[in-house]
Amino acid sequence: PAWKCSSDKTFDPLCLELYEFMKEWKRSHRVATLLDPVVVEAAPDSLDDLMVEMDTILASYDRLDMEAVVVKIMAMLLKMDRKLKSSRIRTLFNRHLASLGIPKSMHCLALRLAEEFAVNSAARSPVPLPQYAPRLTDASRIHVCLVTDNVLAAAVAVASAVRSSAGPSRLVFHVVTDKKSYVPMHSWFALHPVSPAVVEVKGLHQFDWRDGDAIASVMRTIDEVQKSSLDYHQLCDGSVEREYRRLEATKPSTFSILNYLKIHLPEFFPELPRVILLDDDVLVRKDLAGLWEQDLDGNIMGAVGAHRPGADGGICIERTLSEHLNFSDPAVSSLGLDGSNCTWSWGATIVDLDAWRGANVTETYQLWLQKNRESGFRLWKMGSLPPALIAFDGRVQAIEPLWHLPDLGWRMPDAELLQLSAVLHFSGPRKPWLEVAFPELRELWLGHLNNSDSFLRGCGVVE
C-alpha cells in the first residue's frame, strides 16, 4: 500500500509525519494510557496485522487519524513485548522445573534399595563392618564427609575419590543423611563396598549426642530453617518479586535441612581433628591427600576463592561478597566487610575441626540466619552459604584454585582446566544426573557408575 514506510523514513512523507507525531505523542501522553488491558489486548498481533488494519482504514477514510495509529502501534509493541517476556518466563520456568525434578530412575533406585534392605540381610550388614570401625576415629586416616540425601550422587562422589586416590586404604568416608534416605543409602554402600576404603553411613536420628549443648545447637538450626521456610512462603503474594521468591523456594537446596547442618561438623565428629567436606554434586579427579595435607595457617577452613582480587593480583573464581550479601542494608554494611572480596563455596573444603571448636562460628551463623528472617530476607537471598560467609569471615585460608572447579551446572569449562582440576563441582541447575546436564560432563560423571549393576540397569540409570 501507498502508506507503507520505506527503510529510510525521510523519503516517505506519511512515515515522517507518523514518526514525528509518535515522538510528540510520547512526550505529551502518559504511558498509563497504553497499559489499559483492553487497548493492549485489542492491538494487532503483528506488523502484518497492523498493515491489514491500516489498509482497511484507508479504504474508508481519506486520511489516517495519527493519534489512533500511534496508539495502535504502541499497544502492539507493548503486546509483543509482554508476549516475549511471557515466553521467556515460561522457558526459564520450564528449565527451572527440569533442574528441580528428581528423575524416575532415581526414585526407582531408592525404592529398589529400600526393598532390598527389607529382604536381603546383606543390605542390612553394618556399614562399615565391625573390623573397620576403629578407622572411623583414626586421625592418621583421610576423613571425607558428605552431607546428602542423594544416593546416586554420593555413590559417584565416593567411587571417583577412591579411583583417583594413590592410597585408597587411607580413605574413610562419612556419609551423613536424613532418616528418609538412610535405608537406601545404607543399602547401597552395604551392597557396593569401596574396599580398601571404608564408608560409614549415618542418619541424623542415629547420632548419640551425650552433650546437651550439642543437641540444643543442632535443634536451634533446624528450628530456624523451618521458621525461615514458613515465613518465606508467606511472602509470596503474587507480585513479580514474590513470584521470584516462590521459584527460589522450590529449589531443594534453599530449605534443605542437610545443607544447613554442615555448620555442625564439630558436633557430628567430636573425635576428629579435621575433615574434608565435599558437596554431593562433585566428581573427584585427583588424589585428595594433597587437600588433606593443606596448611591452614591457624584458620578453620581451606577453600578455593577465599582471597582479595587486588591483593592477590587475580580475579574472583567464585563471586564477590556483594553478589551474595545486600550491602545496602545497614545490618550488612555495618559488618565492615569488603564487598569486592572474593567468596568461597562449600564444594570441596578442608576443615580444621579443632580450630572450629575454639571459635563461635556456629553461633554467629545461627544469629545471622535469624536476622535475615526477621529482616524479611532483605540481607540475602535465602540459602545456606551467605551466613557462612559472615560467620567464617577472616577464618578461611585460600588454597590452590585447581583443587575446585565450580559452576559446571552453569557452563562448560575450558578443556585444559577440566583436565587439570582435582574436584569438579556441578553447582548450578544442570546437575549431571539430569537430562539437562551438559552431555560431555554428564558422560564424564556417568563413567563412574557400573553399567552392569543390576540396580542401575533395572531402574534405567545406565543403559
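Start by selecting strand E6 (residues 301–303) together with E7: the two pair in the antiparallel sense over two bridges. Strands here (E, at least two residues) and helices (H or I, at least four) are DSSP runs, numbered from the N terminus, and two strands count as paired if DSSP finds at least two bridges between them. Click on Gly-302 and look across to its bridge partner in E7, Ile-350.

Before going on, a note on what you have open. This is a predicted model, in which local features need pLDDT of at least 70 and side-chain atom pairs count only at pLDDT 80 or more, while totals for chains, interfaces and linings use all residues. Residues are numbered from 1 along each chain as its sequence is written, and side-chain values use heavy atoms, with hydrogens and water left out.

**Stop 1: E7 and E4**

Keep E7 selected. Five of its five residues are buried, so the strand is largely enclosed by the rest of the structure. Buried means under 20% relative accessible area, exposed means over 50%, and partly exposed is in between (1.4 Å probe, protein chains only). Turn the strand to see its two sides: Ala-348, Ile-350 and Asp-352 are on one, Thr-349 and Val-351 on the other, and all are buried. In a regular strand the side chains alternate between the two faces of the sheet.

Now add strand E4 (residues 274–278). Five bridges join E4 to E7 (residues 348–352), and the two run antiparallel. Two pairs to label are Leu-278 with Ala-348 and Val-275 with Val-351.

Is E4 enclosed or open? Five of the five residues of E4 are buried, so this strand too is largely enclosed by the rest of the structure. Arg-274, Ile-276 and Leu-278 point one way and Val-275 and Leu-277 the other, all of them buried.

**Stop 2: across to E1 and E2**

Next, select strand E1 (residues 142–147), which pairs with E4 in the parallel sense over three bridges. Cys-145 is the residue to pick, as it stands opposite Leu-277 in E4. Then add strand E2 (residues 171–177): six bridges join E1 to E2, and they run parallel. Leu-146 has Val-175 as its bridge partner in E2.

**Stop 3: the whole sheet**

Show every strand in the order E3-E2-E1-E4-E7-E6-E8 and you have an open sheet of seven strands with mixed pairing. At the edges are strand E3 (198–203) and strand E8 (396–398), each pairing on one side only. From one strand to the next, the twist averages 25°.

**Stop 4: two helices on the sheet**

Bring in helix H6 (residues 151–164) and helix H7 (residues 179–191), whose axes come within 10 Å and cross at roughly 35°. Axes are lines fitted to C-alpha atoms, for helices over the stretch in contact, and angles run from 0 to 180 degrees between N-to-C directions. The H6–H7 crossing is right-handed, meaning that the near helix is turned clockwise from the far one by less than a right angle.

Which residues meet there? Val-151, Ala-154, Ala-155 and Val-158 in H6 meet Pro-184, Met-185, Trp-188 and Phe-189 in H7. Those residues divide into eight nonpolar, no polar and no charged. (Ala, Val, Leu, Ile, Met, Phe, Trp, Tyr, Cys and Pro count as nonpolar, Asp, Glu, Lys and Arg as charged, and the others, Gly among them, as polar.)

Put the strands back on: H7 lies across E2 and E3, running at about 160° to E3.

**Stop 5: Met-382**

Select Met-382, in the loop between helix H17 (361–374) and helix H18 (385–391). Its 6% relative accessibility is why Met-382 counts as buried. Leaving aside neighbours within four places in sequence, Met-382 is in contact (heavy atoms within 4.5 Å) with several residues, including Tyr-232, Phe-255, Tyr-260 and Phe-377. The C-alpha atoms of Met-382 and Phe-255 are separated by 8.0 Å, although the two are 127 residues apart along the chain.

**Stop 6: Leu-417**

Go on to Leu-417, in helix H19 (residues 415–420). Buried or partly exposed? Leu-417 counts as partly exposed, because its relative accessibility is 32%. Not counting residues up to four places away in sequence, Leu-417 touches Leu-402 and Leu-405.

**Zoom out**

Finally, show the whole protein: 21 helices and nine strands. Buried residues make up 49% of its 463 residues.
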